[in-house]
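This report introduces a protein model to a reader who has not met it before. Please keep the sequence and the structure at hand while reading.

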Amino acid sequence: MRFLSKEQKKKIGYEYILDNINTVTNVGAELKYNSKPFTIENKSALAKELENTEKFIDCITKNKEMESELGFFLCKFKDLRATFSKVKKGSILDEIELFEIKSFSKLCNDISIEYSKTGIDVDAICFRDVKPVFRILDPDNLNIDTFFIYDSYSPDLKETRFKRTQLELRISQTNDPDTRSSLLSERMEIVSKEHELEFEIKKELTTKIKTYIDALVQNTDVIGYMDFLLAKAKYFKASNAVKPEIVEDSNDIGDALELYKTYNPYYSDIMARKHKTMTALDITIQRGVTLLTGANMGGKSICMKTVALNVLLANSGMYVYADSARIPMVDFLYMISDDLQNVESGLSTFGAEIMYLKKIIAASKHKNGLIILDELARGTNPHEGKILLQAVIEFFKKQKSYTFISTHFDGIPCDDIIHLQVVGISKINFEKLSQLIDLNKGKALDIIQEYMDYSIEETEANEVPQNALQIAKLLGLDSRSL
């Protein structure tokens, strides 16, 4: 779980992104759902994956027909990996399996020709020549992808089938029971011989095809990867995602994590269904500790999930959601948030946080990653929680990882760390907002959210904005109502 648990990926919107990358083939879907972040040792592979996605985006932008043309062939794809495995193990293929392999070999040729027309140059999309497979299964050069155990495979088979046909004609013309019975027995022997000959032909065909099994398997992988790249290109183009700049691992101040006008499409779509818009954020996170404070309801948690999502996407070779982004490769991405509970082991939220924090501390001593701590120690009393948070900040600011922490605790020392703050309602005329709410009873929450400034700014203050009481009062709860 070096890069978040499945549940955490769902909460930050990563699963949402994958679900919207609409692959056509099951091989492409496997690549999509099994995609993992690239390791720092494979930085060149990450750059290549982003470059490949960019090539497909450029192509479908310039040639809109290419998307549907390749898509047409992808829809005809059938996964035959189980059949290929049978051949490797020595099983004899039946007629249906031979037909499917013939169709697949034709598809490989057709889609290879169509792909070459696009002009896209992706090293990993290189089809092996399997035209000989088609020729093996098309002895009469009919050039169609139907299949039959053709007479031309064996003179004996052709003769046996001719005898069977003649015998069946005689059977249909006789009314004598004894003669008919004798002819039927004779037919049974001929049919048995026909089946034996067909079996030998299927055995021979399987042996010939086995020579090309590795090529057929490789072409299956190529088609799956093409499907995945095309699906990514279509979705990232449609959703206005951008190619991230991957930061060099130089361990200096120049390798900051920078997101400009970034947002989270998962939460943005949720808000859009409520006829609301999500504020695009500018976020810069240096190595060491970046502390985020801000008003209640100010969107700190969504901000942190947005950072986590885009870093995970970039490290997995995908586009990100921002106007521009400089994102470092990381060895791990750990996040502690409000949903971190270990119910099965009986741990409270605080207990689960501590156990998880131990794992993060151990990892950060040997590797560099992104650590997100959203309201750490919220489950304990403020005095002890603040002491714990201060100790955590002191430890992580000496590490080379990117540690992004949000808190509602006041007075946290901000020496040698970056302090960011959600603007919230600190710049709003409170009396004017209160009057507006008075005029629109029942819509207080909507009005507060409309006037809330979710943008983030750097500050040198070490105090958390005291907005909770103001918001409570605006919502109609004050000392007089208690």
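## Strands β6 and β7

Strand β6 (residues 333-336) is covered on both faces: Leu 333 and Met 335 on one side, and Tyr 334 and Ile 336 on the other, are all buried. Here buried means under 20% relative accessible area, exposed means over 50%, and partly exposed lies in between (1.4 Å probe, protein chains only). Strands, like helices, are DSSP runs numbered from the N terminus, with at least two residues (E) for a strand and at least four (H or I) for a helix. In a regular strand the side chains alternate between the two faces of the sheet.

The model is predicted, and local features need pLDDT of at least 70, side-chain atom pairs count only at pLDDT 80 or more, and totals for chains, interfaces and linings use all residues. Residues are numbered from 1 along each chain as its sequence is written, and side-chain values use heavy atoms, with hydrogens and water left out.

Strand β6 pairs with β7 (residues 370-374) in the parallel sense over four bridges; two strands pair if DSSP finds at least two bridges between them. Met 335 has Ile 372 as its bridge partner in β7.

## The four-stranded sheet

An open sheet of four strands follows the order β1-β5-β2-β3, and its pairing is mixed. Its edge strands, β1 (245-247) and β3 (281-285), each pair on one side only. From one strand to the next, the twist averages 20°.

Strand β2 (residues 257-262) takes part in two antiparallel pairings. Four bridges link β2 and β3 in the antiparallel sense, while three bridges join β2 to β5, also running antiparallel. The table lists residue partners across these pairings.

| Residue in β2 | Partner | Strand of partner |
|---|---|---|
| Leu 257 | Ile 285 | β3 |
| Thr 262 | Leu 281 | β3 |
| Tyr 260 | Ser 324 | β5 |

Helix α13 (residues 300-315) lies across β1, β2, β3 and β5 (324-328), and runs at about 115° to β2. Axes are lines fitted to C-alpha atoms, for helices over the stretch in contact, and angles run from 0 to 180 degrees between N-to-C directions.

## The nonpolar cores

Which residues have the most contacts inside the largest nonpolar core? They are Phe 56, Ile 125, Phe 236 and Val 307, in a core of 96 residues. A nonpolar core is a set of buried Ala, Val, Leu, Ile, Met, Phe, Trp, Tyr and Cys residues joined through side-chain atoms within 4.5 Å. Helix α11 (residues 213-238) gives the most to this core, with 14 residues. Another core lies apart from it and has 22 residues, among them Leu 291, Leu 376, Leu 389 and Ile 417.

Ile 125 is found in the loop between α7 (95-118) and α8 (131-136). Ile 125 counts as buried because its relative accessible area is 7%. Leaving aside neighbours within four places in sequence, Ile 125 is in contact (heavy atoms within 4.5 Å) with Phe 56, Tyr 115, Val 222, Tyr 225, Met 226 and Leu 229. Tyr 115 is 10 residues from Ile 125 along the chain, and their C-alpha atoms are separated by 9.1 Å.

Phe 236, with the same neighbours within four places left aside, is in contact with residues including Ile 17, Ile 21, Thr 53, Ile 57 and Tyr 321.

## Helices α3 and α11

Helix α3 (residues 26-33) packs against α11 at an angle of about 65°, and their axes are 7 Å apart. The contact is made by Val 27, Gly 28, Leu 31 and Lys 32 of α3, together with Thr 220, Gly 224, Tyr 225, Asp 227 and Phe 228 of α11. By class, this contact of α3 with α11 has four nonpolar, three polar and two charged residues. In these classes Ala, Val, Leu, Ile, Met, Phe, Trp, Tyr, Cys and Pro count as nonpolar, Asp, Glu, Lys and Arg as charged, and the others, Gly among them, as polar.

## Residues in loops

Most residues other than glycine have a negative phi. Glu 375, however, has a positive phi, near 55°. Glu 375 sits in the loop between β7 and α15 (382-396), and is it buried or exposed? Glu 375 counts as buried because its relative accessibility is 10%.

Asp 416 also is not a glycine and has a positive phi, of about 60°. Asp 416 lies in the loop between β8 (402-406) and β9 (418-424), and counts as exposed at 68% relative accessibility.
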